[in-house]
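Colleague: Could you take me through one part of this model up close? I'd like to hear about the first helix and how it sits against the rest.

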Amino acid sequence: MLSPILQTKIESQIANNKIMLYIKGTPLQPQCGFSAAVVQVFNKLGQPYETENILEDGDLRQGLKEFSDWPTFPQVYIDGEFIGGCDIVMELNNRGELAKLVQ
């Protein structure tokens with residue numbers, strides 16, 4: 001069950017960052033290929049983004065699964081809206097739609 005404190009933390013991170021990426025590892029050292037791919041896409045877009053390493057906080061990792069109703073990582077939020085994971089980000093990027101979302 002998602003605690004009120006954790007829910008507030010997640011909501012705050014999403015609200016205070018235009019682009020919020022919940023990834024395994026860090027942008028400089030992603031800990032999975034999917035996180036690495038998402039970071040690479042956002043680096044190429046050239047827009048500032050914030051990340052949270054879900055491997056450092058088990059409560060956050062589990063809480064995000066409940067918050068988004070999405071079982072895997074990375075999880076991408078843009079303008080407060082849950083976009084999806086790696087496959088969706090790649091699809092949006094390939095169609096040119098991701099660049100429009102982050103403008």
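Modeller: Sure. One cut-off before we start: I call a residue buried when its relative accessible area is under 20%, and exposed when that area is over 50%. Bear in mind, too, that this is a predicted model.

By that cut-off, α1 has these buried residues: L6, I10, Q13 and I14. The helix itself runs over residues 4-16, 13 residues in all. From its first C-alpha to its last α1 reaches 18 Å, close to the 18 Å expected at 1.5 Å a residue.

Now look at the spacing. An α-helix has 3.6 residues a turn, so residues three or four places apart point the same way. Looking down the axis of α1, you'll find its buried residues within an arc of 95°, so they line one face of the helix. On the face turned away from that buried side, you get the exposed residues P4, I5, T8, A15 and N16.

What does the buried side lean on? The buried residues of α1 pack against β1, β2 (50-53), α3 (58-68) and β3.

To place those partners, step back to the whole chain. The protein has five helices and four strands, and along the sequence they follow the pattern α-β-α-β-α-β-β-α-α. Among contacts between residues at least 6 apart in sequence, 61% join residues at least 24 apart.

Then there's the packing inside. The largest nonpolar core has 16 residues, and L21, V38, F42, V76, I78, V89 and L98 are those with the most contacts inside it. At least two residues each come from β1 (19-23), α2 (33-45), β3 (75-78), α4 (86-94) and α5 (97-102). It's α2 that gives the most to this core, with five residues. Another core, of eleven residues, lies apart from it; L6, M20, L64 and F73 are among them. You've met L6 already, as one of the buried residues of α1.

For a close-up in the largest core, try L21. Leaving out residues up to four places away in sequence, L21 touches V38, F42, Y49, E50, T51, E52, Q75 and V76.

As for the overall build, buried residues make up 38% of the 103 residues. A compact globule with 103 residues would have a radius of gyration near 13 Å, and the protein's 13 Å agrees with that. Its C-alpha atoms fill a box of roughly 35 × 25 × 20 Å along the principal axes. On the outside, the protein exposes about 5800 Å², with carbon and sulfur atoms supplying 50% of it.

Terms used:
Residues numbered from 1 in each chain as written. Predicted model: local features only at pLDDT ≥ 70, side-chain atom pairs only at ≥ 80, totals over all residues. Heavy atoms only, no water. Core = buried A, V, L, I, M, F, W, Y, C linked by side-chain atoms within 4.5 Å. Buried < 20%, exposed > 50% of the residue type's maximum accessible area, 1.4 Å probe, protein only. Contact = heavy atoms within 4.5 Å. Expected span 1.5 Å × (residues − 1). Arc of directions from axis to C-beta. Rg over C-alpha atoms; globule rule 2.2 N^0.38 Å. Areas by Shrake-Rupley, 256 points an atom, 1.4 Å probe, with all protein chains shown as cover.
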